[in-house]
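Biologist: Could you take me through the largest pocket in this model? I'd love to know what lines the largest pocket and which helices supply the lining.

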Amino acid sequence: MPGIGRPRTILQALVAWYALALALGAVGFWLGALVPCERGLECLTYPFGGALVGALLGALAAALLAARVLHWWWLPTTLILVGVGALLGHLAQGLGIVLCALAPVIAALTAVREQGTDSRHQAEGRPRRWVRGVATLTAAAVLFAGSWWMLDRRERASEIAEIEAVDVPLIAPENPADLRVTTLTASDDLVRYTLARGESPDAAYLDVTLRRGGGGCTASGLQPCTDLGDGLSVYRQAGGEHWVLFRDLGDSHLRASDQSQPGREPWAEDEAVDLVRGMAPVDAAVLVDRQRRGR
């Protein structure tokens, strides 16, 4: 391999990478922890964000110090491989940790500079080195994209299986051009999703629950109930604007109610009735894909 005669210098560059990334990461964490913040999970953003910035600065400094023995693509290849390790950590935690730890070593093996070449040979080999660097980065990027795709497919399959496990017939709007499924959850006997109309923060939200057991408003125990025909019924809160719409599906039923935030334009009851009446059966994959697009 080119540059094999300089293992000590390369080893020093790798040690500098680990030392600077860890040291400046620790400094960044400490500085982030000093930022005033009220109690809450959002306060973790400052120390961990500071640690990330510090580690990146340390990695950049190490790459500059190692410029004599390692080519320019060492740092970006290392960062991409760290990203691959973070993704694979969701599948196999041990593998992800090992890849993150060895990322600079693996990248260095592709970026060792040739030893003992004069300026003329260095100038002649510059185009070839650029091709090598671009090829290395492309391979790393393909590996990252493949890892992300594999993890995304695995998460999608898991979400679909979770919905199917409830064994409740699913219905949803057929052509939701202006609607987004923003949340989708499942529990022992129900599937619940939220339809959003418009863009946040002005969106109107309709909460939809599909639950085992047939029946409409009367079967739920809510009173007073109004029969709307076609298996639809509605409970209207006395003296208020709150309503709950029901659709009897035989062995299961649907409930829908407005969940818009105060001050936002809510779902009108008539709009919800038209929407729920036009809902058609869908499979779990369709509902999951709509939710993933609507996040």
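Modeller: Happy to! A pocket here is an open set of grid points with protein on both sides within 12 Å along at least five of seven lines, and lining residues have an atom within 4 Å of a point. Please keep in mind that this is a predicted model. The largest pocket holds about 270 Å³ of space. Its lining is made up of Trp 17, Tyr 18, Ala 21, Leu 22, Leu 52, Ala 55, Leu 56, Ala 59, Leu 79, Val 82, Cys 100 and Ala 101. By class, that gives 12 nonpolar residues, with no polar and no charged ones. Four helices each supply at least two of these residues: H1 (7-33), H2 (45-65), H3 and H4.

Two of those helices also pack against each other. H3 covers residues 74-88 and H4 residues 93-110, and their axes lie 8 Å apart at an angle of about 165°. Angles over 145 degrees count as roughly antiparallel, so H3 is roughly antiparallel to H4. Their crossing is right-handed. On the H3 side, the residues in contact include Trp 74, Leu 81, Val 82 and Leu 88, and they meet a set in H4 that includes Leu 95, Leu 99, Cys 100 and Ile 106. The contact between H3 and H4 has 14 nonpolar, four polar and no charged residues. Val 82 and Cys 100 are worth a look on your screen: both belong to the H3–H4 contact, and both line the largest pocket.

Methods:
Residues numbered from 1 in each chain as written. Predicted model: local features only at pLDDT ≥ 70, side-chain atom pairs only at ≥ 80, totals over all residues. Heavy atoms only, no water. Axes fitted to C-alpha atoms, helices over the stretch in contact; angles between N-to-C directions. Helix = DSSP H or I, 4+ residues; strand = E, 2+ residues; numbered from the N terminus. Parallel < 35°, antiparallel > 145°, perpendicular 65-115°, else oblique. Left-handed = near helix turned anticlockwise from the far one by under 90°. Contact = heavy atoms within 4.5 Å. Nonpolar A, V, L, I, M, F, W, Y, C, P; charged D, E, K, R; others polar. 1 Å grid on protein atoms, 1.4 Å probe; cavity = no way out; pocket = protein on both sides within 12 Å on 5 of 7 lines; lining within 4 Å. Points joined across faces, edges and corners; volume = space filled by probe spheres on them.
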